[in-house]
Amino acid sequence: MKEQDSVRSIKGIGEKTEKLLAKLGIFTVGDFLRYYPRDYDEYREPIAVSEAEPGKKAAVFGRITGRVGMSNTGRKTVVTATIKDEKSSLQLIWYNMPFLRNTLQAGGFYIFRGTVVKKGARLIMEHPEIFKREDYEGLLYTLYPIYTLTKGLTNKFMVKTMHQILENREITAEYLPEEYRNHYRLAEYNYALSHIHFPKDKKDLVVGRRRLVFDEFLFFILSVRMMKEKNMESQNTFSIKPVWETEKLIESLPYPLTHAQRRVWNEIETNMTGHTLMSRLVQGDVGSGKTIIAFLSMILAAANGYQAALMVPTEVLARQHYEELCRLVQQQSFPFETVLLTGSQTAKEKRERYEKIAQGKAQLIIGTHALIQEKVIYENLALVITDEQHRFGVNQREDLSKKGVRPHVLVMSATPIPRTLAIILYGDLDISVMDQLPAKRLPIKNCVVDTSYRPTAYRFIEKQVQQGRQVYVICPMVEESEGLEAENVLDYSRKLQEALPGDIRVAYLHGRMKAAEKNEIMEKFADNEIQVLVSTTVIEVGVNVPNATVMMVENAERFGLAQLHQLRGRVGRGEHQSYCIFVQGGKDAETKERLEILVKSNDGFFIAGEDLRLRGPGDLFGIRQSGLLEFRLADIFQDSEILKDASQAAGAILDLDRDLSLPQNERLRSCLLSYARERMEMPGL
Ligand code: ADP
Ligand code: MG
């Protein structure tokens, strides 16, 4: 098996499975191999019955007391048994597994593994796995991978197929020179790859993961640095002067710019009217007001006779920015034409817009990835802005830059990265920090609750809607998934609609929906035709509906705090008091403490730092700040030490071989190229 082979070449995978795998972004054998577990199930030391705690997964040992019972309730057969010690007892329940009545022996000694639940005063375990003591010993401390699934695929299938691929694949030639591997204590690549899926134990997992994380960072940094090389000598060939239009726009705003906004705008204006080409990152927390800065920069370019393009990661956001910019331009009677370019437009609509762009009739261009398609030819593009850049790969940025005669580049990000790390990750950019929120905002009221609070929350939501407000509810999953107890958007929106009065409209939104559907829903939400939006984190990215005042996050424990903070940024944008309800799936005290940080602080940097401190270096897989930069495994906070190592290694490699043309770097170079290609094809959401 070769990495580039289609998944169809794997034994047992036909058309149907191929389609399901495609939903997960798995098309080739290589994709499958790099589909890393989202978590691991550990076979821990078995405990006594009295040590079992509700809400926790455990292996409990004991002798079956009394007889193994069997009954029929409706269509189900129920097998029950009980294990006891001096202090407590645990009831075991299996549905539709009548054969267990014969295999389980009364008085027999077993280990039962499952999640302990409290029902009334009793502790029960539904569908525990059953082990003989000697069998369990063989499994002790091993880790069993758990993959993110889609309906129709099982974890067992993923595990089996992964084994099959690992056994039959062509070994990848190592591309990191040995001296680097030794110096940075890195495992060999193939070892790391097979052990990230099937680690012998936790230590082994850390070893395998370290190597793969290092690679992710290394490739990212190498591509950033190599791009910087190319940008170094760039002179500003555009003739841009300060204009009165931007001043006029600033004066007409219903609010004064914050000091931070003024300072950053100043930096940008100076840069664009100066001698060198701009490559700048504007880093500012959610709600700090980055959009208006982007618009001002675009107006500056347009008023000087050039085109400016703003690229955003979702159609919803593109449309929103487009409408807002149109409004401002009209209000000021500026003679500029604004166009929107998105993937879901018809061929005819697109053609019309391409023409306007090519002839220079449109000066202000806003869109999604569609902006970087081959067919778009700009007449005189002087500025390219990407909003919420963490959703874009480096190469996409570069591609957009290529569309003009190397335009000025501005990148907007709300990712709260400490400056030292930002310099590594955005080595090719100057950094402007917008470290101030607009005054007069009512602080958001926050609470961390458990699921028993839901009825209260729903009543509160109802009241808010009656007052004319709107609500977001976030669930971690799109649909139900085997072995994963987390709320999903599809079921939840149905349940919530039932729990609320019929005249409140509930709708759902997730990343797997078609762009046109997503737009429709989002537009209806913006127009308050929909009052409650149940969504995955797709709405995390920059959407602005100031009338929304409640953000309720289910299974908040499954998200990184930085990400929760971004979600919270969707409310508190208007004049009304806003609320954030973080619902914790279990009752774990540590989790609660972690989530409480969000109640105490509203500072993205502080929150990210505290999150890291509390979780500690041991928690490698529980939570990732997914959505913050597109890394598969790496977490910029958690893995900041590896990031520094990778940065140092990248420096050393490029010092000796600027363009990776030496023979010893040949493999590294080709891997870097395929990495770049892969990132280009990353789905937008
Ligand atoms: P972000 O930095 O998250 O992209 P936005 O640019 O979307 O933030 O701004 C959030 C909201 O704050 C918008 O409704 C915007 O009109 C408003 N806003 C921006 N700047 C200011 C300011 N200086 N004072 C008051 N409100 C502002
Ligand atoms: Mg924004």
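**Exercise 1. A residue in strand β19**

Task: Find which residues Val-534 is in contact with, leaving aside its neighbours within four places in sequence.

Solution, step by step:

- Leaving aside those sequence neighbours, Val-534 is in contact with Val-473, Cys-475, Val-489, Tyr-492, Ser-493, Leu-496, Val-506, Ala-507, Tyr-508 and Leu-509. Keep in mind as you look that this is a predicted model.
- Next, place the residue: Val-534 belongs to strand β19, which covers residues 532–535.
- Now for its surface. Buried means under 20% relative accessible area. Val-534 has a value of 0%, so it is buried.
- Finally, compare sequence with space: Val-534 and Leu-490 are 44 residues apart in sequence, and their C-alpha atoms are 8.4 Å apart.

**Exercise 2. Meeting ligand 1**

Task: Work out which residues come nearest to ligand 1, and which distances link its oxygen atoms to Gly-287, Gly-289 and Lys-290.

Solution, step by step:

- Start with the surroundings. There are 16 residues around ligand 1, and those that come nearest are Gln-261, Gly-287, Lys-290, Thr-291 and Arg-441.
- Turn to the backbone. An N or O atom in the backbone of Gly-287 is 2.6 Å from an oxygen atom of the ligand. For a backbone N or O atom of Gly-289, the distance to an oxygen atom of ligand 1 is 3.0 Å.
- Then look at a side chain: an N or O atom in that of Lys-290 lies 2.8 Å from an oxygen atom of ligand 1.
- How much of the ligand is covered? On its own, ligand 1 exposes 570 Å², and the protein buries 85% of that.
- To finish, name the site: ligand 1 takes up the space of the second largest pocket.

**Exercise 3. Two residues that touch Ile-299**

Task: Describe where Thr-246 and Val-329 lie, and say whether each is buried or exposed.

Solution, step by step:

- Thr-246 is part of helix α9, residues 244–252. Its relative accessible area is 0%, so Thr-246 is buried.
- Follow its side chain, which reaches the backbone oxygen of Val-243 at a distance of 3.1 Å.
- Not counting residues up to four places away in sequence, Thr-246 touches Trp-265, Glu-269, Leu-296, Ile-299 and Leu-300.
- Val-329 sits in helix α12, residues 315–331. With 6% relative accessibility, Val-329 also counts as buried.
- With the same sequence neighbours left out, Val-329 touches Ile-299, Phe-334, Phe-336, Thr-338 and Leu-364. Ile-299 is therefore touched by Thr-246 and by Val-329.
- For a long view, go from Val-329 to Ala-52: they are 277 residues apart along the chain, with 65 Å between their C-alpha atoms.

**Exercise 4. Positive phi angles**

Task: What is the phi of Ser-333, and what is that of Asn-555?

Solution, step by step:

- Recall the background: most residues other than glycine have a negative phi.
- Ser-333 has a positive phi, near 50°, and is not a glycine. You will find Ser-333 in the loop between α12 and β11 (338–341).
- Asn-555 is not a glycine either, and its phi is positive at about 50°. Its loop runs between β20 (548–553) and α19 (561–568).
- Now check the surface. Exposed means over 50% relative accessible area. Ser-333 has 62%, so it is exposed, whereas Asn-555, at 6%, counts as buried.

**Exercise 5. Around helix α22**

Task: Locate Ala-652 and Asn-665, and decide how covered each one is.

Solution, step by step:

- Ala-652 lies in helix α22. Its relative accessible area is 29%, so Ala-652 is partly exposed.
- Asn-665 is in the loop between α22 (640–656) and α23 (666–680). Here the relative accessible area is 5%, so Asn-665 is buried.
- Apart from neighbours within four places in sequence, Asn-665 is in contact with Pro-177, Ile-653, Asp-657 and Leu-660.
- As a last step, pair Ala-652 with Phe-109: the two are 543 residues apart along the chain, and 59 Å separates their C-alpha atoms.

**Exercise 6. A mostly covered helix**

Task: How many residues of helix α7 (residues 189–197) are buried, and which ones are they?

Solution, step by step:

- Count first: 7 of the 9 residues of α7 are buried, so the helix is mostly covered.
- Then name them: Tyr-189, Asn-190, Ala-192, Leu-193, His-195, Ile-196 and His-197.

Technical notes. Residues numbered from 1 in each chain as written. Chains lettered and ligands numbered in written order. Predicted model: local features only at pLDDT ≥ 70, side-chain atom pairs only at ≥ 80, totals over all residues. Heavy atoms only, no water. Helix = DSSP H or I, 4+ residues; strand = E, 2+ residues; numbered from the N terminus. Buried < 20%, exposed > 50% of the residue type's maximum accessible area, 1.4 Å probe, protein only. Contact = heavy atoms within 4.5 Å. Near = heavy atom within 4 Å. Polar contact = N/O pair within 3.5 Å; in protein donor to acceptor, adjacent residues only side chain to side chain. Areas by Shrake-Rupley, 256 points an atom, 1.4 Å probe, with all protein chains shown as cover. 1 Å grid on protein atoms, 1.4 Å probe; cavity = no way out; pocket = protein on both sides within 12 Å on 5 of 7 lines; lining within 4 Å. Sits in = over half its atoms within 2 Å of the grid points.
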